[in-house]
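Biologist: Could you take me on a close look at the largest pocket and the residues around it? I'd like one connected walk, with the cut-offs spelled out as you go.

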Amino acid sequence: MQIFHRWLTLTGILVYYLPMLKISEYFDGKLYPGRTVIEGVTADGKLFMAYMLQGRSVNSRNRKLVKTESSIDACPIDESLVQNRDLIIYKALVEDEGHIWLTNGDQSVSIMNSPSTLEGVMERTYENDGPIFTPRIGTVIRREDLSSEFFIIKKNGDETERRIWHYPAINGVSHIIHTYMEDENLTSFTSSPIMAETPCDMDACLEELSSLLANDNTVSLLVRIGDEEKIINLKEGA
């Protein structure tokens, strides 16, 4: 499939063609991409978001996603097994009348409470879980036009590297960012967010993500398309 993808530049709008990956094609063979944020717009103009929790340790797998009145939280399944509480328990999704924040840590709330995404990102650093130093990732969606800002905050040598990408809403297009590259050292994500084709509905989305749902490292999955929302917790009761 070919589709127009627009990039805003300092001099105007550059329009060009790119081949579109399916989400399933991108994740094919990936066993541990880590926590993953996907966001975009369906072909008929609905907001699409997905958040995946993954884990290998007992502590990381001892989690579930829980919907509250104002957020979707990463919570422990068994309180007695919790370690590094600040990294395990957080609000993954928070929202107000103007924006939605979807991230892999407590930066959802701190960036929400900042004057801008840039200022919020500049106030934070990567997770204190050495020697891995997991990056903080996420997206901020503007409800008015469904445009988004993806970001990553990661360790780069002795410095903290921060990147923000701005995307206009384009029907049928989503972007993917996750914490780790596919290597034994769990290297932080090194690419720009990956462009992919947005699933058309919930059933199509779950089909696209079926290989990840079958992956033993996957802990929980949140999917929202328009007003429809689904949370799947794979380790609860296991």
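Modeller: Here is the pocket, followed by some neighbouring topics and the backbone oddities.

First, the ground rules. This is a predicted model, so to speak of local features I need pLDDT of at least 70, and side-chain atom pairs count only at pLDDT 80 or more, while totals for chains, interfaces and linings use all residues. Residues are numbered from 1 along each chain as its sequence is written, and side-chain values use heavy atoms, with hydrogens and water left out. Confidence comes as pLDDT (the predictor's confidence in each residue, from 0 to 100). The chain averages 90, with 92% of its residues at 70 or more. Residues 1-16 stay under 50.

Now the pocket. A pocket here is an open set of points on a 1 Å grid over the protein atoms alone, with protein on both sides within 12 Å along at least five of seven lines; a cavity is a set where a 1.4 Å probe fits but cannot get out, and lining residues have an atom within 4 Å of a point. Volumes are the space filled by probe spheres set on the points, with grid points joined across faces, edges and corners. The largest pocket comes out at about 350 Å³. Its lining has 19 residues, and Ser 57, Ser 60, Asp 129, Thr 134 and Tyr 180 sit closest to the centre. By class, that lining splits into 6 nonpolar, 8 polar and 5 charged residues. For those classes, Ala, Val, Leu, Ile, Met, Phe, Trp, Tyr, Cys and Pro count as nonpolar, Asp, Glu, Lys and Arg as charged, and the others, Gly among them, as polar.

Two helices, H2 (58-61) and H3 (85-88), each give at least two residues to the lining of the largest pocket. Helices (H or I, at least four residues) and strands (E, at least two) are DSSP runs, numbered from the N terminus. Ser 60 lies in H2 and is buried, at 18% relative accessible area. Buried means under 20%, exposed over 50%, and partly exposed in between (1.4 Å probe, protein chains only). Leaving out neighbours within four places in sequence, Ser 60 is in contact (heavy atoms within 4.5 Å) with Gly 55, Ile 88 and Val 219.

That brings us to Ile 88, which is found in H3. Ile 88 counts as buried because its relative accessibility is 6%. Again leaving aside neighbours within four places, Ile 88 touches Asn 59, Ser 60, Arg 63, Ala 74 and Gln 83.

Just a little about the backbone. Asn 84 lies in the loop between strand S7 (71-76) and H3, and its phi is near 50°, a positive value in a residue other than glycine. Asn 84 is exposed, with a relative accessible area of 54%. Elsewhere, Gly 130 and Pro 131 are joined by a cis peptide bond, with omega about 10°. Pro 131 is in the loop between helix H5 (117-122) and strand S10 (136-142).

As for enclosed space, the structure holds 1 cavity of 30 Å³ or more, and the largest cavity has about 70 Å³ of space. It is lined by 13 residues, with Glu 39, Gly 40, Pro 168, Val 173 and His 175 nearest its centre.
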